[in-house]
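Reader: I'm new to reading structures, and I keep tripping over the labels. Could you take me through a few of them on this one?

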Amino acid sequence: MEENRYFTFPERFEAGILWFGSGYIEYNIPNHLKAGQTLSEMQISFEICSECPEYNEDYPSDIYFSINGKLLGFWVSPGDFGARKGYLNPQWWPGRLNQYGLLKTLIVNSEGTFIDGGSRISGTTIEDLAIDYFSTITFRFEVAKDTANCGGCTLFGKDSGDHN
């Protein structure tokens with residue numbers, strides 16, 4: 001079931017946490033390139049975990065990443081973490097729900113796409129993205145229903161989870 005209606009509210013920019021069982025969310029990333037500049041590397045950091053009702057520390061999920069429709073690869077989240085309270089969570093956030101994720105950094109450069117600086121997740125390079133001064137940059141997190149581990153996705157934003 002799609003719930004796009006929630007994304008029409010102006011308050012959406014104040015959300016500290018977002019989760020879904022399957023589907024996707026896209027973010028428009030500002031393009032700060034100046035005329036004549038070439039993008040040599042892109043790094044995107046985020047706090048993320050799986051999404052299970054309440055929480056389940058052993059709940060794998062295949063989470064796919066793409067930019068402008070070009071698949072960057074996927075990472076298997078090991079679980080939906082809630083055994084302890086997230087360091088930044090507000091007092092009103094229920095203890096029975098997920099509390100924090102893992103801080104991940106996606107790196108795209110001329111050698112491929114990597115997660116956390118070491119694990120190569122695909123051969124998609126920065127050149128494959130063909131981003132220039134005029135480009136829009138749309139970054140997508142996706143959990144497909146037909147993936148081996150459809151365990152959803154939770155993204156932690158400002159003032160939630162463990163990392164601002």
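Author: Sure! Let's start with "contact": it means heavy atoms within 4.5 Å. By that rule, and leaving aside neighbours within four places in sequence, Thr124 is in contact with Lys70, Leu71, Leu72, Val108, Gly112, Thr113 and Leu129. Bear in mind that this is a predicted model.

Reader: Where is Thr124 found, and why does Thr124 count as buried?

Author: Thr124 is found in the loop between strand 8 (119–122) and helix 1. Its relative accessibility is 10%, and buried means under 20%, so Thr124 counts as buried.

Reader: What makes the link from the side chain of Thr124 to the backbone oxygen of Leu71 a polar contact?

Author: The side chain of Thr124 reaches that backbone oxygen at 2.9 Å. The cut-off for a pair of N or O atoms is 3.5 Å, so the distance fits.

Reader: How do you know that Phe139 is buried?

Author: Same kind of check: Phe139 has 2% relative accessibility and the limit is under 20%, so Phe139 counts as buried. Phe139 sits in strand 9. Its contacts beyond four places in sequence include Ile29, Phe65 and Leu106. Ile29 is 110 residues away in sequence, yet the two C-alpha atoms are 7.0 Å apart.

Reader: Which residues have the most contacts inside the largest nonpolar core?

Author: Those are Phe65, Ile67, Phe139 and Phe141, in a core of 25 residues. Among the elements giving two or more residues to this core are strand 4 (61–67) and strand 9 (137–143). There's also a second, separate core of six residues, including Ile17 and Phe81.

How values were computed. Residues numbered from 1 in each chain as written. Predicted model: local features only at pLDDT ≥ 70, side-chain atom pairs only at ≥ 80, totals over all residues. Heavy atoms only, no water. Core = buried A, V, L, I, M, F, W, Y, C linked by side-chain atoms within 4.5 Å. Buried < 20%, exposed > 50% of the residue type's maximum accessible area, 1.4 Å probe, protein only. Helix = DSSP H or I, 4+ residues; strand = E, 2+ residues; numbered from the N terminus. Polar contact = N/O pair within 3.5 Å; in protein donor to acceptor, adjacent residues only side chain to side chain.
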